[in-house]
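Visitor: I should like to discuss this structure with you, beginning with the surroundings of its ligand. Please take me through it step by step.

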Amino acid sequence: MSSIGGCWWVLWILALVLHRANPEFLQWSQGEHCASMICATDTEQCTDYRDCGSECTEVEICKTTNSGAAESIKIVIVGAGSVGVTTAYALLLDGLASDIVLIDIDKNRALGEVMDLSHAAHFAQARVRVGDYEDCVDAAAVIITAGVNQKPGQTRLDLVKTNYALFQDIVPRIAKFAPETILVVATNPVDVLTHAAHQLSGFPVERVIGSGTAMDTTRFRHELGKHFGVNPRNVHAMIVGEHGDSQLPVWSLATISGMRLKDYCEQAGHEYSQPALEDCAKRTKEAAYEIIQRKGKTNYGVASVLVDVLRPIITHSDAIMTVSRVGTYGGVEDVALSMPCMLNRHGAYQDVPLLLNDREKGALRQSALGVKGVISKL
Ligand SMILES: NC(=O)c1ccc[n+]([C@@H]2O[C@H](COP(=O)([O-])OP(=O)(O)OC[C@H]3O[C@@H](n4cnc5c(N)ncnc54)[C@H](O)[C@@H]3O)[C@@H](O)[C@H]2O)c1
């Protein structure tokens with residue numbers, strides 16, 4: 001009997017210590033749901049957002065658990081369209097951020113998305129809300145997904161005039177409130193707009209990151225994984241250059257299980273077919289066109305890639321990714337293109353120059369000249 005009593009004492013002291021270390025421990029462990037909405041008519045906080053009707057300006061959902069929540073990590077997403085909202089959802093489920101803010105010129109749309117997302121937030125560990133540019137203060141990163149999308153048959157470069165004009169408005173407003181943040185650009189044409197965001201913000205190159213060919217590299221690994229019958233994570237192969245039609249696969253450095261593709265085929269008894277590999281690269285380049293032809297947009301892949309770009313920024317983990325940043329590529333100065341880059345809390349802070357063969361060097365130069373040509377006409 002006395003040993004049972006002793007156990008209760010130990011448990012009680014443990015709970016007290018945990019509560020001291022983190023006062024919200026007991027509240028969270030009870031799974032308390034702190035949904036609230038601030039009404040425009042008065043600032044009274046409603047306990048049930050349905051009471052607020054159409055006057056609501058903000059939805060907040062507090063953390064409901066204490067496991068693995070990212071403390072005080074604010075991520076702002078400018079553009080609550082398809083890409084922005086899917087990114088918010090991916091981020092919410094991932095648990096990397098504690099505060100996700102959506103900014104959109106169409107406030108009503110953003111609010112509708114946030115109301116919907118807040119129901120998903122119930123199962124996650126972040127709050128999601130509609131905001132304005134003042135809310136960029138102290139953001140770990142601001143993702144820009146605002147802008148027009150490709151219509152079937154359009155190239156990414158066809159979007160440049162409209163989306164550059166939006167950037168002239170958006171980027172200085174972000175920079176005003178968050179001069180130390182990291183900009184992550186997803187709007188197309190992403191390389192041209194990464195260059196524009198660098199100029200318009202005045203931020204150093206490492207703090208302006210374009211999602212670039214991180215998406216294409218993922219697609220390429222997916223295609224090669226399917227072709228060779230291995231998990232894409234075991235395929236080390238990259239697409240570099242423009243996130244667009246002049247992108248290039250780096251065949252000379254592609255490996256599976258540490259072996260060049262030809263060697264892997266020999267060792268694994270897999271047929272090596274150059275035309276089949278070229279098909280993988282072609283499907284990679286044309287994937288977005290085909291998806292847009294079929295469903296009008298791409299959103300899931302890019303959202304997952306954007307969360308993957310944020311991960312080393314938030315966790316300071318020195319990941320290497322093919323992202324776009326301003327630099328000199330193929331001898332072409334002051335252009336933004338994707339090459340492998342080290343990412344951490346300081347942004348895309350270091351290039352990892354690749355040992356390309358002569359053919360690849362030539363293709364990279366052509367890609368850089370193409371993007372530079374568009375930049376110089378802005
Ligand atoms: N980098 C990539 O891999 C990748 C992949 C897919 C799409 N994209 C690009 O992302 C962009 C957005 O695509 P989407 O499918 O989300 O489009 P969408 O039309 O669904 O959303 C765009 C959103 O931007 C908002 N917006 C427009 N002007 C704004 C402004 N001045 N300030 C704030 N918000 C504004 C609109 O109201 C809309 O909600 C496009 O340029 C598209 O080409 C990039």
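Visitor: Which element gives the largest share of the shell around the ligand?

Guide: This is a predicted model. Two helices, α3 (82–94) and α5 (160–177), each contribute at least two residues to the shell around the ligand. The largest share amounts to four residues, and the element that supplies them is α5.

Visitor: Which residues come nearest to the ligand?

Guide: The shell around the ligand takes at least three residues from each of domain 1 (52–210) and domain 2 (214–376). There are 32 residues around the ligand, and those that come nearest are G81, S82, V83, A146 and N188.

Visitor: How many residues of the shell around the ligand are charged?

Guide: The shell divides into three classes, of which the nonpolar one holds 13 residues and the polar one 14. The charged residues in the shell number five.

Visitor: Is H243 buried or exposed?

Guide: H243 is listed by UniProt, in an unreviewed entry, under "active site". Its place is the loop between β11 (239–240) and β12 (248–249). A residue needs 20 or more other C-beta atoms within 10 Å to count as buried. Because H243 has 30 C-beta neighbours inside 10 Å, it is classed as buried.

Visitor: Which residues is H243 in contact with, leaving aside its neighbours within four places in sequence?

Guide: Among these contacts are V190 and D191, two residues that are also buried members of α6. With those neighbours in sequence left aside, the full set for H243 is V190, D191, G212, T213, M215, D216, S324 and S338.

Visitor: Why is α6 largely enclosed by the rest of the structure?

Guide: Helix α6 covers residues 190–201 and has twelve residues. Its buried residues include L193, H195, A197 and L200. The helix is largely enclosed because the number of its twelve residues that are buried is eleven.

Visitor: How far does α6 reach from its first C-alpha to its last?

Guide: At 1.5 Å a residue, the span expected for α6 is 16 Å. The reach in the model is close to that expectation, at 16 Å.

Visitor: What phi does G202 take?

Guide: G202 lies just after α6. Its phi is positive, with a value of about 75 degrees.

Visitor: What percentage of the residues in the protein chain is buried?

Guide: The protein chain contains eleven helices and 17 strands. Of its contacts with a separation of 6 or more, 70% join residues 24 or more positions apart. Among the 378 residues in the protein chain, the buried share is 44%.

Notes. Residues numbered from 1 in each chain as written. Predicted model: local features only at pLDDT ≥ 70, side-chain atom pairs only at ≥ 80, totals over all residues. Expected span 1.5 Å × (residues − 1). Near = placed C-beta within 6 Å. Nonpolar A, V, L, I, M, F, W, Y, C, P; charged D, E, K, R; others polar. Domains from an automatic or database assignment. UniProt positions renumbered as here; feature names shortened; annotations may be inferred. Contact = placed C-beta atoms within 7 Å.
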